[in-house]
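Please walk me through this structure. I am new to it and would like to know how its parts touch one another.

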Amino acid sequence: MLKWALIFFVISLIAGFFGFSGISAATATIARVLFGIALVIFVIFLILALMAGQAIL
């Protein structure tokens, strides 16, 4: 998911450089949403891993 967020971010930068502000804004929003989802999933897995570690010890 982070890979797709990075791809959309690069597309946003390139589109912004060439003056396509609408496409740039849309792809930046998509990149932000994907990054947010990836961050939430990471935090959930981190909490689950810590809880599993506590259960083993």
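Contact here means that heavy atoms lie within 4.5 Å. The model is a predicted one. With that meaning of contact, Ser-12 is a place to begin: leaving out residues up to four places away in sequence, Ser-12 touches Ser-24, Thr-27 and Ala-28. Ser-12 belongs to helix 1, which covers residues 2–17. Its relative accessibility is 8%, so Ser-12 counts as buried, the cut-off for buried being under 20%.

The next step is to look from the other side of this contact. Ser-24 is part of helix 2, residues 21–56. Setting aside residues up to four places away in sequence, Ser-24 is in contact with Ser-12, Ala-15 and Gly-16. Ser-24 is also buried, because its relative accessibility is 13% and buried means under 20%.

Helix 2 can now be taken as a whole. It consists of 36 residues, and from its first C-alpha to its last it reaches 52 Å, close to the 52 Å expected at 1.5 Å a residue. Which residues of helix 2 are buried? They are Ser-24, Thr-27, Ala-28, Ala-31, Leu-34 and Ala-38. Three of these names have come up already, since Ser-12 touches Ser-24, Thr-27 and Ala-28. Helix 1 is included in what covers the buried residues of helix 2. An α-helix has 3.6 residues a turn, so residues three or four places apart point the same way.

The aromatic rings come next. There are two aromatic pairs in the structure. One of them joins Trp-4 and Phe-8, with 6.4 Å from centre to centre and 40° between the planes, and this pair is tilted. Both residues lie in helix 1, four residues apart, which is about one turn of the helix. Trp-4 counts as exposed because its relative accessible area is 52%, where exposed means over 50%. Phe-8 has a relative accessibility of 23%, so it counts as partly exposed.

The other pair is made by Phe-17 and Phe-18: their ring centres are 5.3 Å apart and their planes stand at 75°, so this pair is edge-to-face. The cut-off behind that label is an angle over 60 degrees. Phe-17 and Phe-18 are both exposed.

To sum up, Ser-12 of helix 1 touches Ser-24, a residue of helix 2. Ser-12 is buried, and so is Ser-24, whereas Trp-4 is exposed.

Note on methods: Residues are numbered from 1 along each chain as its sequence is written. This is a predicted model: local features need pLDDT of at least 70, side-chain atom pairs count only at pLDDT 80 or more; totals for chains, interfaces and linings use all residues. Side-chain values use heavy atoms; hydrogens and water are left out. Helices (H or I, at least four residues) and strands (E, at least two) are DSSP runs, numbered from the N terminus. Buried means under 20% relative accessible area, exposed over 50%, partly exposed in between (1.4 Å probe, protein chains only). The expected span of a helix is 1.5 Å times one less than its number of residues. Rings of Phe, Tyr and Trp (its six-membered ring) pair if their centres lie within 6.5 Å; planes under 30 degrees apart count as stacked, over 60 as edge-to-face and the rest as tilted.
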